[in-house]
Each structure stands twice: as C-alpha cells, then as structure tokens.
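Open the model in your viewer and set it to cartoon. Keep a selection box ready, and follow the stops below in order.

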Amino acid sequence: MTNQIAKIIDNVKNFGATNCHNWLVDQDLKLSRKIVEDINCAKGDYYGIFEEGKVKWIDLFLKLRFKKFKYHNFFYNLSNKLCLKKIADGIFDVETKLARVDCYVSPKSDEPVLDWHFDHAYSGSKNVNQYVHPEDETIKFFFYLSDVSLDNGCLGYIPKSHIIAFVLKKGIYEDKIKYTPYWTLSDFRKTILISDNYAYISKNVDPNILNEFLEKTEPSIFKSGSDLKYNFQPIKAGGATIFNDSGAHKGSKTQITERLVMRFFFKKI
C-alpha cells in the first residue's frame with residue numbers, strides 16, 4: 001500500500017493524473033454501487049452530494065434524511081480507509097481536507113460526458129468580477145463503479161497541462177495577464193498564444209512542457225484522434241482516476257452502458 005500511495009503521489013505531481021486499477025475491494029465496490037444505484041441521480045443533484053461540517057450533519061438529522069446520513073457516513077469512512085487524505089496531502093505538499101463527496105449516473109449517449117475543459121476557468125464567462133487564487137485547485141479521486149473504456153465513459157487527461165494552467169491562473173490573478181475565456185481547450189490555446197501571455201508563461205513554465213503541450217494539442221493533429229492517447233485506458237469497476245483538476249480533462253462517450261461514479265474532492269486548508 002505504501003508503494004502504491006507513493007506512486008500515485010509522484011504521478012499526479014508530475015503528470016497531473018494517474019489511474020489505479022482494482023482499488024476497491026469487492027465488498028466496498030458492491031456497497032458503493034448499491035448506494036449510487038439507490039440514489040440514481042444526475043451530476044449536481046442535491047441527493048448525490050455529501051459535504052462535511054456540523055451544519056450539514058445537523059441538517060440531515062433535522063430533515064429526517066437518515067438514509068442520506070447513513071450514506072454520508074459510509075463515504076467518509078471509505079475515504080479514511082483508502083488513505084485518500086494522505087495521498088492528497090502528499091500531492092500538494094500541504095494539509096488538505098475532504099471538501100465534498102458526490103456520486104451520479106451518466107446515461108448512455110453518443111456525446112462525450114463533458115468535452116475537453118479546465119476547471120476553475122469560470123465556465124468560459126466573458127466577464128469575471130473576481131479571480132480565483134492560483135492555489136485554488138482540487139485533487140479528485142474519480143472512482144468508477146461500472147466498467148469504462150474509450151467509448152464508454154472513461155476520463156482522459158492531457159499530461160502536465162495542470163502546470164501550464166497554474167501559471168496562467170497566477171498571471172491572471174496577479175494582473176500580469178489579461179483574462180480571456182479559457183474553459184475549453186481551444187480557448188486555452190488561444191489565450192496562452194497571445195503574445196504578451198506567451199511571453200509571461202514561457203518564462204515560468206519549462207519550455208519542453210509548454211512546447212509539447214502546444215504540439216500535441218495543435219488542432220489539425222488533435223482532431224485527427226491523437227486525444228485517444230491521453231489516459232483513455234479501460235478501467236474495470238472498482239478502479240479510479242486521480243487527478244489535479246486544474247489540468248485539461250474530458251469524459252468520453254458512454255456508448256455501451258450507463259456510467260456510475262463516485263468522487264472525492266480534496267482541497268488545501
């Protein structure tokens with residue numbers, strides 16, 4: 001277990017994401033899947049969101065949501081059992097906290113669950129009143145409770161994109177880069193290629209990392225299918241993708257079956 005934790009920490013630090021196969025033991029997998037099937041909600045639905053804090057616990061009791069309280073307890077105990085906080089602490093090199101757990105079901109579809117995008121990018125808004133601190137990023141543990149593959153809902157990640165995104169956020173936050181929308185991969189490329197932006201970013205990012213990103217995401221190459229190379233590995237139910245959500249990621253099409261997932265969000269304290 002110690003070697004596995006060290007490997008996860010190292011991979012996410014350096015590349016932004018990693019996969020872990022067969023992480024859940026059979027009993028935990030069966031219980032987790034049973035809970036998600038029972039809740040059976042879409043992403044973002046209140047009934048599939050579990051947050052820590054006394055107010056939330058009191059709220060669950062006062063509103064007599066005993067079943068949700070029971071599920072809340074299961075998820076947080078599972079996080080402790082899997083040493084998720086220890087891993088997140090190691091990735092960020094600071095203490096973290098489990099800010100949220102959620103679960104949901106993605107229906108079968110010929111469209112990506114969500115195309116290439118960057119979290120903490122204001123969802124592409126043209127006008128932003130307050131910029132997030134560059135340290136505002138999350139380590140997400142994305143557990144699959146159904147089998148996933150390239151055409152069935154696995155998550156893809158562009159290696160080392162979290163490093164460039166951090167510098168971009170820092171430049172915007174410190175008013176050294178003018179904000180333009182960068183939520184989509186296309187807009188992100190456009191933003192970092194603006195001459196003044198590129199000058200700043202190239203001074204603060206290893207040129208090998210920056211050049212590799214630009215070469216591999218060049219539209220004529222990327223659209224031809226090179227995105228298949230980015231971590232779209234088949235993962236059996238019980239496995240997970242662990243990633244820094246500052247980087248570019250995508251949820252592939254769910255063409256074969258619906259997708260059941262649970263996610264654990266860790267943020268810096």
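Select strand 3, residues 96–106. Eight of its 11 residues are buried, so the strand is largely enclosed by the rest of the structure. Keep in mind that this is a predicted model.

**Partners of strand 3**

Add strand 9, residues 259–268. Strands 3 and 9 run antiparallel, joined by 10 bridges. To find one point of the register, label T96 and K268: T96 stands opposite K268 in strand 9.

Now add strand 2, residues 49–50. Strand 2 is also antiparallel to strand 3, with two bridges between them. Which residue of strand 3 is the bridge partner of F50? Label V101: that is the partner.

**S106**

Stay on strand 3 and centre on S106, which lies in this strand. Is S106 buried or exposed? Its relative accessibility is 6%; buried means under 20%, so S106 counts as buried.

Next, show what surrounds S106. Set aside the neighbours within four places in sequence, and S106 is in contact with V113, T254, E258 and R259. Show these four as sticks. R259 belongs to the residue range of strand 9, 259–268.

**Strand 1 and strand 7**

Move to strand 1, residues 17–20. Turn the view to see its two sides. A17 and N19 are on one side, and T18 and C20 are on the other. All of these are buried, so both faces of the strand are covered.

Add strand 7, residues 240–244. Strands 1 and 7 pair in the antiparallel sense, over four bridges. Label A17 and F243: F243 in strand 7 is the bridge partner of A17.

**The whole protein**

Zoom out and colour by secondary structure. You should find 10 helices and nine strands. The C-alpha trace spans about 55 × 40 × 40 Å along its principal axes. A compact globule of 269 residues would have a radius of gyration near 18 Å; the protein has 19 Å, which agrees.

Switch to colouring by burial. Buried residues make up 49% of the 269. Then draw the contacts between residues at least 6 apart in sequence: 82% of them join residues at least 24 apart.

Finish with the surface. The protein exposes about 13,500 Å², and carbon and sulfur atoms supply 52% of that area. Colour the charges last. There are 39 positive and 33 negative side chains, and the centres of the two sets lie 3 Å apart.

Methods. Residues numbered from 1 in each chain as written. Predicted model: local features only at pLDDT ≥ 70, side-chain atom pairs only at ≥ 80, totals over all residues. Heavy atoms only, no water. Buried < 20%, exposed > 50% of the residue type's maximum accessible area, 1.4 Å probe, protein only. Pairing = 2+ DSSP bridges. Contact = heavy atoms within 4.5 Å. Rg over C-alpha atoms; globule rule 2.2 N^0.38 Å. Areas by Shrake-Rupley, 256 points an atom, 1.4 Å probe, with all protein chains shown as cover. Lys, Arg positive; Asp, Glu negative; His and termini not counted. Charge placed at Lys NZ, Arg CZ, Asp CG, Glu CD.
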